[in-house]
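Please walk through the fold shown below, beginning with its sheet and moving on to the ligand site and a few individual residues. The model is a predicted one.

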Amino acid sequence: MDNRQQDKPFAAWRHVFKLDPERLLDDDSLDAICMSGSDAILVGGTTGVTYDNTVDLMARIRRYEVPCALEVSTVEAAVPGFDYYFIPLVLNTGAAEWVTGRQAEAIAQYDAFIPWEMTAAEGYVVLNPNAAVARLTEARTSLDATEAAAYAKLADRLMRLPVVYAEYSGRFGDMELVRGMRLAMTEGRLFYGGGIDGPEKAVLAARAADTVVVGNIIYSDLGAALATVQAVKEAGPGII
Ligand code: 1GP
């Protein structure tokens, strides 16, 4: 492992499964995901995430030892009891409410309840125009490689965000562009997510980014999803 952010629990995460509280996953499938050897489970979604469905999913994941983190995309679904919390900031939007607006409102209201020592920001760079998150946040997704790398550097070097997230949710991305984002960073960790449908794409993503996030395929082809874990482990340390 490199020596960036050794104190952060996510510093060594290479593979992460992202589970959506709004989507159903039976107990056997959840068992397979939690016992897969993945480094962590990230709970989050763009729409339909509520306090109740987040508590339900957390309680089920909590039966396992795998670290479990929440991406807090709406303050109503900020559930206590996770191992770690990520607060997304969408960097490539013109709508300030998604960069700092909602976050500042939430802090103003709930500061005393926020476990700051286990909370970190994620700088999202949203790159698939058809993803729900792109539409919701009016993200400017048509970035070329230079522009995407500039966002990564801005997040890493100016804003000092511990995580930058190249988000192609629903579609496999341009790995050269993603790799360029990673090379622009010196401190933080680059998460990649989007369209990983099996081990081959997982390996490509693992060679371009620090952390590979696998979502949708869990719900349509569990076997393919599970195969990504070993593939990422065998891909080695990436470009570090
Ligand atoms: C979604 O980046 C994650 O936020 C994973 O994307 O669902 O396309 O795997 P997929």
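**Barrel, ligand and loops**

Eight strands form a closed barrel in the order β1-β2-β3-β4-β5-β6-β7-β8, and their pairing is parallel. From one strand to the next, the twist averages 30°. Strands of a sheet pair through backbone hydrogen bonds, and the pairing can be parallel or antiparallel.

Strand β4 serves as a sample of this arrangement. On one side, β3 (residues 68-71) and β4 (residues 84-90) run parallel and are joined by three bridges. Within this pairing, L70 has Y85 of β4 as its bridge partner. On the other pairing, β4 and β5 are linked in the parallel sense over six bridges. I87 is found opposite A121 of β5. As for accessibility, β4 is mostly covered, with six of its seven residues buried.

Helices pack against the barrel strands. Helix α9 (residues 222-234) lies across β1 (15-19) and β8 (211-214), and runs at about 155° to β1. Which residues surround the ligand? They are K18, Y165, E167, S169, G170, G193, G194, G195, V213, G215 and N216. Several polar distances can be given for this site. The side chain of E167 has an N or O atom 2.6 Å from an oxygen atom of the ligand. Backbone atoms also come into play: a polar backbone atom of G195 is 2.8 Å from a ligand oxygen, and a polar backbone atom of G215 is 3.0 Å from a ligand oxygen. On its own the ligand has 300 Å² of accessible area, and the protein covers 93% of this.

The loop between β7 and α7 (199-208) contains D197. Is D197 buried, partly exposed or exposed? Its relative accessibility is 39%, so D197 counts as partly exposed, since the buried class ends at 20% and the exposed class starts over 50%. The side chain of D197 makes a polar contact of 3.0 Å with the side chain of K201. Apart from neighbours within four places in sequence, D197 is in contact with I217 and A224. The C-alpha atoms of D197 and L222 are separated by 9.8 Å, although these residues are 25 residues apart along the chain.

Another loop residue is T47, located between β2 (40-43) and α2 (51-61). T47 counts as partly exposed because its relative accessibility is 47%. Its C-alpha atom is separated by 9.3 Å from that of T74, the two residues being 27 residues apart along the chain.

Next comes T137, which belongs to helix α4 (residues 132-137). T137 has a relative accessibility of 2% and therefore counts as buried. A polar atom of the T137 side chain lies 2.7 Å from the backbone oxygen of V133. Not counting residues up to four places away in sequence, T137 touches V90, T93, A95 and W98. V90 falls within the residue range of β4, 84-90.

What follows is the loop between α4 and α5 (145-158), where E138 has its place. In contrast with the buried T137, E138 is exposed, with a relative accessible area of 57%. The phi of E138 is near 50°, a positive value in a residue other than glycine. Most residues other than glycine have a negative phi.

A positive phi also occurs at R160, where the value is near 60° and the residue is again not glycine. R160 lies in the loop between α5 and β6. With 57% relative accessibility, R160 counts as exposed.

To return to the whole, the closed barrel has eight strands with parallel pairing. The ligand is surrounded by residues that include K18, E167 and G215, and the protein covers 93% of its accessible area. Among the loop residues described, E138 is exposed, R160 is exposed, and D197 is partly exposed.

Definitions and conventions:
Residues are numbered from 1 along each chain as its sequence is written. This is a predicted model: local features need pLDDT of at least 70, side-chain atom pairs count only at pLDDT 80 or more; totals for chains, interfaces and linings use all residues. Side-chain values use heavy atoms; hydrogens and water are left out. Helices (H or I, at least four residues) and strands (E, at least two) are DSSP runs, numbered from the N terminus. Buried means under 20% relative accessible area, exposed over 50%, partly exposed in between (1.4 Å probe, protein chains only). A polar contact is a pair of N or O atoms within 3.5 Å; within protein, one must be able to donate a hydrogen and the other to accept it, and residues adjacent in sequence count only if both atoms are side-chain atoms. Contact means heavy atoms within 4.5 Å. Two strands pair if DSSP finds at least two bridges between them. Axes are lines fitted to C-alpha atoms, for helices over the stretch in contact, and angles run from 0 to 180 degrees between N-to-C directions. A residue is near a molecule or strand if one of its heavy atoms lies within 4 Å of it. Accessible areas come from the Shrake-Rupley method with a 1.4 Å probe; for residues, only the protein chains shown count as cover.
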